[in-house]
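Student: Hi! I have a new structure open and could use some company while I look around. Could you walk me through it?

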Amino acid sequence: MVPHAVIGVDIGTSSSKGVLVGPDGALLRSAVREHTVDRPAPGHVEMDARVWWEEFVSLARELTADGGPPVGAVGVSGMGPCVLLTDADDEPLRPAILYGVDTRATAQIARLEQRLGAEEITARCGSGLSSQAAGAKIAWVADEEPEVYARARRLYMPSSWLVRKLTGAYVLDHHSASQTTPLYDTVARDWYAPWAGLIAPGLDLPPLRWSGEAAGTVTAEAARLTGLPAGIPVITGTVDAWAEALSVGAHSVGDLMLMYGTTMFLVHTVPGLLRAPALWSTVGALPGTRNLAGGMATSGAVTAWLRELTGAPDYTALLKEAEASGTGANGLLMLPYFAGERTPVMDPEARGVIAGLTLSHTRGDLYRAALEATAYGVRHNIEAIEAVGGDIGRVVAVGGGTQGRLWTQIVSDVTGRAQEVRTTSIGASYGGALLAARLLGDVSADDWNPVRETVVPDPAAAERYAELYGLYRDLYPATADVVHALAARQSR
């Protein structure tokens, strides 16, 4: 047991979450600050980075108010990979460009593939260029906003921005760097100077550390603003999905973490480098680890859209209606590509499709179809992982979507795989707290956060879903031409 409580804060797509965790892993307090992202043009998804620090300050003050236990370390994480460019004085030059949900850099991807070679990029970086590649988005700023780029000196992501504000340190974790394709050499585990100089000239790329290493200590000024003790250590931090995996102990070879959030994310730990053009091959959050990762552009985002569109009072009501709908959503089939799709489709021009609608279908059918669509997407990603040599043993679920059980049950039925659900499923903020605690002593995720239940596939439902999954896989190629034409009209 560590001697002090710790704080973990995660900057997410739709909210920032903070937790105060006791020395034994008990969740003592939690707090949330909801926010929205900006979508100034089709395919553009941005956020004002000043909100990240403002929300951290607010969360830290709430979590430590009223004489709570002494805090001994701070953990941070955030959505990523993002591109926040600042000038030499650390003033943001424009809103941060977000991760793979932002699909603006298609022209830069094509140009870089032609110049550097798609196969050479995959060989050096582990992954091909896609909407997830932060390096291509830096190139977009240089192309489209040259007056902004001319002033750019530093590159931040949400976690590293918090570290800078808390400690004054300019660092980035290896995992986040490995998603700046093609700037990072995943074999050498370092910035690749020839391509970094070509794509990001003039940028002082940050020194690299591992996620759980101390980046520095809380400064007197940061302590005054946040209420945290001056001098306590702050971890380097990482991307939220990797913090989520750590929060539930899913970081051993063979583990697969499923993150049920605004987007669905998968992180599979592998014994060595596996190159995967249709996935993301990254270094892990912990030293010596490597991952294959996948991500869907929407999951919880679609369910939230449906709730707002249909005026449902809350998610509890929708889940009851979806459960009553039954396996197969009464003949509805959805493609959940409402913001394009990331892995393994890699199509920023994909769009959502709802097939089989009749006048008799209900809100519950639509909601059920959305949950099932995410499950089909998970199965598609699992098959892509296995196709390049991944060997999945244990599946661990985490995130807000694990509440209520129906969604996890559908995913288990569609994939045919059991899922562990841990006692605490709050996710990345808890994972950041776990890494912070490790700065103070020996901490195990299994001790801090034991298994609460295991969701097991229902054989009858699995048989039915096997047939529907085949139709799901047929639907995208059958509609792609029409959808792409419509996407082109939407961007005019």
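**A first walk through the model**

Tutor: Happy to! Let's start with one residue: Thr-236 has a relative accessibility of 1%, so Thr-236 counts as buried, the cut-off being under 20%. Keep in mind that this is a predicted model.

Student: Where does Thr-236 sit in the chain?

Tutor: Thr-236 is in the loop between strand E14, residues 233–235, and strand E15, residues 238–239.

Student: And what is Thr-236 in contact with, leaving aside its neighbours within four places in sequence?

Tutor: The list includes Val-76, Ser-159 and Val-163. Also among them are Asp-173, Arg-209, Trp-210 and Glu-213.

Student: Let's zoom out. How many helices and strands does the protein have?

Tutor: There are 17 helices and 24 strands in the protein.

Student: What does the radius of gyration say about the protein?

Tutor: The protein has a radius of gyration of 22 Å, and a compact globule with 492 residues would have one near 23 Å, so the two agree. Along the principal axes, the C-alpha atoms fill a box of roughly 65 × 50 × 45 Å.

Student: What share of the residues is buried?

Tutor: Buried residues are 59% of the 492 in the protein. As for the outside, the protein exposes about 17,800 Å², and 52% of that comes from carbon and sulfur atoms.

Student: What about contacts between residues 24 or more positions apart?

Tutor: Among contacts with a separation of 6 or more, 74% are between residues 24 or more positions apart.

Student: How many positive and negative side chains are there?

Tutor: The protein has 39 positive side chains and 54 negative ones. The centres of the two sets lie 2 Å apart.

Student: Back to single residues. Where is Thr-343, and is Thr-343 buried or exposed?

Tutor: Thr-343 belongs to the loop between strand E20 (333–335) and strand E21 (353–355). Thr-343 counts as buried because its relative accessibility is 1%.

Student: What does the side chain of Thr-343 make a polar contact with?

Tutor: One partner is the side chain of Asn-381, at 2.5 Å. A polar atom of the Thr-343 side chain also lies 2.8 Å from the backbone nitrogen of Gly-295. Not counting neighbours within four places in sequence, the residues in contact with Thr-343 include Ala-278, Leu-279, Trp-280 and Ala-293, and both Gly-295 and Asn-381 are among them too.

Student: New topic: which peptide bond leading to Pro-81 is cis?

Tutor: That is the bond from Gly-80 to Pro-81, with omega near 5 degrees. Pro-81 sits in the loop between strand E5 (71–78) and strand E6 (84–86). The peptide bond from Thr-181 to Pro-182 is cis as well, also with omega near 5 degrees. You will find Pro-182 in the loop between helix H7 (174–177) and strand E10 (184–185).

Student: Which residue has a positive phi although it is not a glycine?

Tutor: Asp-90 is one of them, with a phi of about 65 degrees. Asp-90 is in the loop between E6 and strand E7 (96–97), and with a relative accessible area of 12% Asp-90 is buried. Asn-330 has a positive phi too, of about 55 degrees, and is not a glycine either.

Student: Where is Asn-330, and how exposed is that residue?

Tutor: Asn-330 lies in the loop between helix H12 (315–325) and E20. Its relative accessible area of 48% makes Asn-330 partly exposed.

Student: One more thing: how far apart are the C-alpha atoms of Val-45 and Val-74?

Tutor: They are separated by 28 Å, and the two residues are 29 residues apart along the chain. Val-45 is in the loop between strand E3 (27–34) and strand E4 (46–47) and is buried, with a relative accessible area of 2%.

Student: And how far apart in space are Val-421 and Pro-450?

Tutor: Val-421 and Pro-450 are also 29 residues apart in sequence, and their C-alpha atoms are 8.8 Å apart. Val-421 is in strand E23, residues 419–422, and is buried at 1% relative accessible area. Leaving aside neighbours within four places in sequence, Val-421 is in contact with residues including Ala-397, Thr-402 and Val-451.

Student: Thanks, that gives me plenty to look at!

Note on methods
Residues numbered from 1 in each chain as written. Predicted model: local features only at pLDDT ≥ 70, side-chain atom pairs only at ≥ 80, totals over all residues. Heavy atoms only, no water. Helix = DSSP H or I, 4+ residues; strand = E, 2+ residues; numbered from the N terminus. Rg over C-alpha atoms; globule rule 2.2 N^0.38 Å. Buried < 20%, exposed > 50% of the residue type's maximum accessible area, 1.4 Å probe, protein only. Contact = heavy atoms within 4.5 Å. Areas by Shrake-Rupley, 256 points an atom, 1.4 Å probe, with all protein chains shown as cover. Lys, Arg positive; Asp, Glu negative; His and termini not counted. Charge placed at Lys NZ, Arg CZ, Asp CG, Glu CD. Polar contact = N/O pair within 3.5 Å; in protein donor to acceptor, adjacent residues only side chain to side chain.
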